[in-house]
Amino acid sequence: MVILLFLTSFTQAQPLDFDKHIAPLIASKCLDCHSGPKPKGGLDLSRKDKAFARKNIVAGKPDDSPFWQRIADGEMPPKKPLPEAERKLLKDWIAAGAAWGTDPIDPFRFTSASRAGYDWWALKPVERPAVPVNDGSTVIDRFLIEKLNEAKLKPSPMTDKRTLIRRLTYDLTGLPPAPAEVEAFLKDESPAAYEKLVDRLLASPHFGERQARAWMDVVRFGESDGFERNMGRKTAWPYRDWLIRSFNADVPYDRFVRLQLAGDVLEPASPEAVRATGFLVAGVHNTVLGSDEMRIIARQDELEDLAGAVGQTFLGLTVNCARCHDHKFDPISQKDYYRFVSALSGVAHGERPLPDEGRDRKLADLDKSATEVKLALTAIETLARQAILGQAAAEPVPTAVAAWDFRKGLKDLIGTLDTKPHLEVKLTETGAMLNGNMFLRTPPLAFAVRAKTLEAWVKLDNIEQRGGGVMSIGTLNGDVFDSIVFGEQNPAHWMAGSNGFQRTQSFNGSPEKTPELVHVAITYAADGTITGYRDGKPYGKPYVAKEVVEFAAAKTEILFGCRHLPIGGNKMLLGTVAAARLYDRALTPEEVAASHRLNGQIISDAEINGKLNEADRAKRKQLQASLATLYRERDALRKVASEKAYLATTTAPGLTRVLLRGQVTDPAEVVAAGGISSVMKPSPEFNLKPDAPEADRRRKLAEWITGPENPLFPRVMANRIWHSHFGVGLVETPNDLGYNGGRPSHPALLDWLAAEFRAGGFSMKKLHKTIVMSAAYRQTSAIRPEAQEKDADNRLLWRKKPSRLDAESLRDTLLSVAGLLNPEIGGPSFSDYQETFLNGTTYFEPADPVGPEFHRRSVYRFRPRGANVGLLDTFDCPDPASAAPRRAMTTTPLQALALWNNGFVLRMADATAKRIEAELPKETAEGKIRRLWQLTLQREPSADEIKLAGPLMQKHGLKALCRAVFNGNEFMTVE
């Protein structure tokens, strides 16, 4: 170790430098306990005045210094005393006068034998290095050959074209090349044949699928919450589809990252930008929360996970390791961690609708047209109402979408929502009498409802009841509802009931004194404002709910006498409902007052037509038809608008405090959002106040991470792309370029790739092409004993190391070979699980469903956390509970058993045999064997293979031969 060698050779003739020699030693061995607001033993060694206080250190006199005595006696550091060389260094420093340097000690200033400092290799600016001069055919090869020459090794020769097209096609698309593609490549003898192949595969839509699958491993994308309940996220797939489209479109990497961090802030009107924020909520989410303290702890855990994901994915730094103390190995302070977290502290899990300006404008136009048609209808109908009702209808009366007069019967007097009773509801001249067990319900609504008004005339049996629903609109299963409710939260008061009180607050109106017939209306505006009325006058004060519910057509019903299904308990009303109306908008106060004055009288369609002349009747019919058409168009658009995706939502971030030792019960100083101080360019100072808006914090974070001067940003992705082609990166730990990560095997090459990546506008496809065009990528995979002896791990890349098919590529290959692969791109995930919800937990058991919808590529599989993924599990498909930047690659007996006995594999073998029989019905056995080899191995069988395969096929059939080939190493291996 460099530091230990230095300590051993150090002599008094060499002057001690506190910052270089003493400060790193104190920082690495002492400051974890002896610094900060609450240093152990009251001894703070990070500052000169505190270190020398109480004569802990006496300059020139080590024997009189308690600091030295505790070290000399082996008491400090506890459990692991300092080596002799380090103890001598401290004693000599005190004896020489204990000169102090930078105050306070900056533990990160220099890299030492135990940790990285500001001068760590990955934190240095990215500069394009000089290209070595040798016979390498590309710049990449020249850097590699330079290292090989140092080891007295040579690169391997180029592999054959069949191997090359198989290797490249799997690398870039995750699928095997078709036999026709192989033959076309073999016949193309032009010098540009390989480059044309590269360009074709980079342009393939399957390229994005392959890259997205790898990226989802890095960002731990899963489609369930994890933890105890592990509820599924059936709307998380839009983020996955955005990834696929972005990789295919070669979105520049800096924009690709900015959108994932702050797309909703940078481009709030863009649905694509909003979809990108699925990254922020790709991880686990704890929905089982208890006390307030547990909630706070769970939130801090979630923010640590998010900070870790952002730091490791884009910076290659384990930022999350500084939550409880300064990072043990990298130059990241605990304060930096909380500055970083502050930038993300407004991110919340949930669903959100996607913006669409064109759709929103169309909806506004439809609403405007519908309003104009309704005004024309009202003008025609008002004269008829006046003739029927007299002066009470002299002012315009709002038009309902459904109306019931239970003094006359159960029918909807305007539309088709006739009610049906549950048990025997007694109808009297005063209305429908409900005794706490009975209720009325309508068929599902044929139209969607968002803004609305619920209106009823009701007489309670008593005012002591607590929670009965007079009139409710809700989903068919009762999970979501809005309702006119009496006395549930506040005795004797009317309230807007809702599922889980999500949209419920007190109106603070007057309590009912005695049971009497009252008119109650509640309006729900599109902006979330909820207003109550009693007998045509405002009831208390309106309020704004935190959400507005869209009740979907065909999935919504109206209930009378029951707050929501299932029935029972205090949901049921004791009273008589005389009449009720439903409106598809929030009525104005004047309209509510006008409706109240009618005392629930409802005029039927037939009565209105009876008072109109023939011309007005025809005009009214035309207007009603126009209104129905407008409503259908509006409802169809609203249905699309109501569809939500599991993406980042936001919450008020509040102030962020440093938590001493990570304890939520021990908050310290307030910090503002900022970057990591050791990444000095761009400036890690965001210049925001601690209470800055959430949007400003994330915008600044995205700008800082993707800034062109950030040295980590291009290095991490260049290394990640290299890893995707060689199976291991130039740094073998793709998510950690810090002290505990690997060291670059070819530092200059990594810097050249990073500089080239940045100079090329962060084009990911361009960097992929640069790498796969190298001779190193096109080498044979054959082992050379003399090279193997010197470099068994192939870190010098003297050959192209073979790789095994990953789990998803194996499944996709089986489908492709069988001719069953469904090429559909995008859309909701297909699920091959049976889901069971038991005792508050969702269980996902693997199934083997059959059909084209289940034969899509594996990237489109529903992927919950903690679930057995069957065949894919056996071949090391990682669980999305945590990031998998570098997949494990095991070889186990279970894999052979799965390939031989798994039901899916058996079906694919059968389908492959049927495909070959159908394509070559008159072909000989040898011809069918050749076709099987072409489909599976992309080559012709040898004479010996034909000789062995023929009898097997004759005795056991083509299906058995397919099974045998599927179990071969060559099928599973990409050379």
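# Helix packing, cavities and backbone features

User: Why are H28 and H31 called oblique to each other?

Analyst: In this predicted model, helix H28 (residues 903-919) packs against helix H31 (residues 958-966) at an angle of about 120°. Roughly perpendicular covers 65 to 115 degrees and roughly antiparallel needs over 145. An angle of about 120° fits neither range, and the pair is therefore oblique. The axes of H28 and H31 are 8 Å apart, and H28 passes H31 in a right-handed crossing.

User: Which residues make the contact of H28 with H31?

Analyst: H28 supplies Val905, Leu906, Met908, Ala909, Asp910, Thr912, Ala913, Ile916 and Glu917. From H31 come Leu958, Lys959, Cys962, Arg963 and Phe966. By class, nine of the residues are nonpolar, one is polar and four are charged.

User: What makes Thr912 the polar residue in the contact of H28 with H31?

Analyst: Thr is in neither the nonpolar nor the charged list, so Thr912 counts as polar. Asp910, Glu917, Lys959 and Arg963 belong to the charged class, which holds Asp, Glu, Lys and Arg.

User: H31 also packs against H30. What makes H30 oblique to H31?

Analyst: Helix H30 (residues 943-956) and H31 meet at an angle of about 130°, with their axes 6 Å apart. That angle lies between the 115 degree limit for roughly perpendicular and the 145 degree limit for roughly antiparallel, and H30 is therefore oblique to H31. On the H30 side, Ala949, Leu952, Met953 and His956 take part, and they meet Leu958, Ala960, Leu961 and Ala964 of H31. Seven of these residues are nonpolar, one is polar and none is charged. The polar one is His956, because His is outside both the nonpolar and the charged list.

User: Why are H2 and H5 oblique to each other?

Analyst: Helix H2 (residues 18-29) and H5 cross at roughly 125°, and their axes come within 11 Å. Roughly 125° is over 115 and under 145 degrees, so oblique is the class that remains.

User: Which hand does the crossing of H2 and H5 have, left or right?

Analyst: H2 passes H5 in a left-handed crossing. Phe18, His21, Ile22, Leu25, Ile26 and Lys29 of H2 meet Glu86, Leu89, Leu90 and Trp93 of H5. The contact has seven nonpolar residues, one polar and two charged. Lys29 and Glu86 are the charged ones because Lys and Glu are in the charged list.

User: How many cavities does the model have, and what lines the largest one?

Analyst: There are 12 cavities of 30 Å³ or more. About 80 Å³ of space lies in the largest cavity. Thirteen residues line the largest cavity, and the closest to its centre are Leu280, Glu302, Leu306, Val347 and His349. Helix H14 (residues 292-315) gives the largest share of the lining, with five residues. The lining divides into seven nonpolar, two polar and four charged residues.

User: Which omega values go with the cis peptide bonds at Pro77 and Pro104?

Analyst: For the cis bond that joins Met76 and Pro77, omega is about -10°. For the cis bond between Asp103 and Pro104, omega is about 0°. Pro77 sits in the loop between helix H4 (66-72) and helix H5 (84-95). Pro104 is in the loop between H5 and helix H6 (139-150).

User: What is noted about phi of Arg54?

Analyst: Phi of Arg54 is near 55°, which is a positive value in a residue other than glycine. Arg54 is placed in the loop between helix H3 (48-51) and H4.

User: How do you know that Pro542 is in contact with Thr529?

Analyst: Contact requires heavy atoms within 4.5 Å. With neighbours within four places in sequence left aside, Pro542 has contacts with Thr529, Ile530 and Thr531. The C-alpha atoms of Pro542 and Thr529 are 6.7 Å apart, with their positions 13 residues apart in sequence numbering. Pro542 itself lies in the loop between strand S14 (537-538) and strand S15 (543-544).

Methods. Residues numbered from 1 in each chain as written. Predicted model: local features only at pLDDT ≥ 70, side-chain atom pairs only at ≥ 80, totals over all residues. Heavy atoms only, no water. 1 Å grid on protein atoms, 1.4 Å probe; cavity = no way out; pocket = protein on both sides within 12 Å on 5 of 7 lines; lining within 4 Å. Points joined across faces, edges and corners; volume = space filled by probe spheres on them. Helix = DSSP H or I, 4+ residues; strand = E, 2+ residues; numbered from the N terminus. Axes fitted to C-alpha atoms, helices over the stretch in contact; angles between N-to-C directions. Parallel < 35°, antiparallel > 145°, perpendicular 65-115°, else oblique. Left-handed = near helix turned anticlockwise from the far one by under 90°.
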